[in-house]
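Open the model in your viewer and keep the selection tool at hand. We will go stop by stop, and at each one you will hear what to select and what is there.

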Amino acid sequence: MTDPVAPDPVTLAQALIRCPSVTPEDGGALGVLEDVLKPLGFACHRLRFEDEGVPAVENLYARIGTQGPNFCFAGHTDVVPPGDARLWRHDPFGAAIVDGTLYGRGAVDMKSAVACFAAAAERFLASGKPYGSISLLITGDEEGPTNVNGTKKMLVWLKENGERLSHCVVGEPTATAETGDVIKIGRRGTMNCKLRVTGTQGHVAYPQRANNPIPALAELVTRLSDWRLDGGTDHFDPSTLAFTTIDVGNPATNVIPADVRAGFNIRFNDRHTSAALIAHIEAEAAAVAGARGVEIDVSAHVGGEPFLTAPGPFTALLSRVATEATGREPELSTTGGTSDARYIKDHCPVVELGLPGGTMHKADECVPVAQIEKLTVLYERLLAAYFADPPA
């Protein structure tokens, strides 16, 4: 049992940062949050999920109210490792505030936003409970390599237990310079692919007796690198394909290797599906294999399909609130990496709105405390506007 912490956003962010919750460890973070939410009237459900071959992970679903609409804040309390401690000027789990800036792992991504969720809810609820519900969907498995015991399984649990989300805001650090300057209304899909080309090993002095797989791989790399996937869409930049590695691993200077490998990543927009992209890659590989007499294996891991929350009443409400709270109209964007919004989009309209992300995953990750207060005010105004006139 942790000591309750008042839902001041900065104080709560400090308490969360002091929990060493590097995925898959919780480090006490969800207990800190639960101790804040329960006195406000939230019904809290700790959800522990397991899967073969990966560590169990703690998650938290909290809701106040039983009626719809159910407005959801989603986020995570797990963080990436701090890395080399010598690169940090301040303890990554010390939550020091120096010259008005909060330092620590998770200060930006995204314990401070989770603290803002709770503080905004507390301020809004002080004026009375809404006709509807507020919920928090907080996972401890967003930053890890597998993401199998977090939001995906929480959403299954919600469905099995009759919990329905109406709209959702994910608190990922979307801003560029100032809180509220960017709202992410979609994300590109992502997948990592691996190639293995197998030829015939032989002596370099007698290449006619071998079948060198390297030229075959080079041809396939060229074909895929020259592939123009698209020219972009109304809401997405052009899709990209980038090779990340080519591995021969051959220490000998007189041996033609038997096989070579390569890897690449594709970030793709809503003109594509992962299945269609994989089919194209396999067709290119088959063409090269047939022409050069080698075998080519293609494997792919899909991190997520692209999604778009099309501009409409929900995004209009968010833009209006952000403009009123910050004095500038936000940009609606689909740039950047992936987040758990890729799973939530199958359940309700979802966007991402959070702090400036310039230092996320870096040594000395930090955020000005003024930005934390700014985000809390924005979230509080969002709740007020949402429940005053819920979007369809």
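## Stop 1: helix α2

This is a predicted model. Begin by selecting α2, which covers residues 29–40. Color these residues on the chain: Ala29, Leu30, Gly31, Val32, Leu33, Glu34, Asp35, Val36 and Leu37 are the buried residues of α2. Because nine of the 12 residues of α2 are buried, this helix is largely enclosed by the rest of the structure.

What do the buried residues of α2 pack against? Show α1 (9–17), α3 (111–125) and the strands β1 (43–51), β2 (54–64) and β6 (133–139), and you have the packing partners of those buried residues.

Now try the distance tool on the two end C-alpha atoms of α2: they are 18 Å apart, which agrees with the 16 Å that 12 residues should span at 1.5 Å a residue. Step past the end of the helix and you come to Gly41, with a positive phi near 105°.

## Stop 2: where α1 meets α3

Keep α1 and α3 on screen and hide what you do not need. Their axes are 8 Å apart, and the two helices pack at an angle of about 140°. That makes α1 oblique to α3. The crossing, as α1 passes α3, is right-handed.

To see the contact itself, show side chains on both helices. From α1, select Pro9, Leu12, Ala13, Leu16 and Ile17. From α3, select Lys111, Ser112, Val114, Ala115, Cys116, Ala118, Ala119 and Arg123. Sorted by class, this contact of α1 with α3 has 10 nonpolar residues, one polar and two charged.

## Stop 3: two cis peptide bonds

Next, look at the backbone on either side of these helices. In the loop between α1 and α2 you will find Pro24. The peptide bond that leads from Thr23 to Pro24 is cis, and its omega is near 10°.

For another cis bond, go to the loop between β5 (101–103) and α3, where Met110 is found. Here the bond runs from Asp109 to Met110, with omega near -15°.

## Stop 4: two aspartates with positive phi

Select Asp99, in the loop between β4 (97–98) and β5. Although Asp99 is not a glycine, its phi is positive, at about 50°. Is Asp99 buried or exposed? Its relative accessible area is 80%, so Asp99 is exposed.

Then jump to Asp364, in the loop between β18 and β19 (366–368). Asp364 is not a glycine either, and it has a positive phi of about 60°. Turn on the surface here: Asp364 counts as buried because its relative accessibility is 10%, under the 20% cut-off.

## Stop 5: helix α7

Select residues 313–326 to bring up α7. This helix has 14 residues and reaches 20 Å from its first C-alpha to its last, close to the 20 Å expected at 1.5 Å a residue.

Which residues of α7 are buried? Highlight Phe314, Thr315, Leu317, Leu318, Ser319, Val321, Ala322 and Thr326. Around these buried residues, display their packing partners: the strands β3 (70–76), β7, β8, β17 (331–333) and β18 (350–352), together with α9 (369–388). Just after α7 comes Gly327, whose phi is positive at about 85°.

## Stop 6: Glu178

Now move to the loop between β7 (167–170) and β8 (182–184) and pick Glu178. Its relative accessible area of 29% makes Glu178 partly exposed. Leaving aside neighbours within four places in sequence, Glu178 is in contact with Arg328, Pro356, Gln371 and Lys374. For a longer view, add Ile296, 118 residues away along the chain: the C-alpha atoms of Glu178 and Ile296 are separated by 48 Å.

## Last stop: the whole chain

Zoom out and color by secondary structure. How many helices and strands are there in the protein chain? There are nine helices and 19 strands. The C-alpha atoms fill a box of roughly 85 × 45 × 40 Å along the principal axes. Of the 392 residues in the chain, 52% are buried. Finally, think about how the chain comes together: among contacts between residues at least 6 apart in sequence, 79% join residues at least 24 apart.

Definitions and conventions: Residues are numbered from 1 along each chain as its sequence is written. This is a predicted model: local features need pLDDT of at least 70, side-chain atom pairs count only at pLDDT 80 or more; totals for chains, interfaces and linings use all residues. Side-chain values use heavy atoms; hydrogens and water are left out. Helices (H or I, at least four residues) and strands (E, at least two) are DSSP runs, numbered from the N terminus. The expected span of a helix is 1.5 Å times one less than its number of residues. Buried means under 20% relative accessible area, exposed over 50%, partly exposed in between (1.4 Å probe, protein chains only). Contact means heavy atoms within 4.5 Å. Axes are lines fitted to C-alpha atoms, for helices over the stretch in contact, and angles run from 0 to 180 degrees between N-to-C directions. Angles under 35 degrees count as roughly parallel, over 145 as roughly antiparallel, 65 to 115 as roughly perpendicular and the rest as oblique. A crossing is left-handed if the near helix is turned anticlockwise from the far one by less than a right angle, and right-handed if clockwise. Ala, Val, Leu, Ile, Met, Phe, Trp, Tyr, Cys and Pro count as nonpolar, Asp, Glu, Lys and Arg as charged, and the others, Gly among them, as polar.
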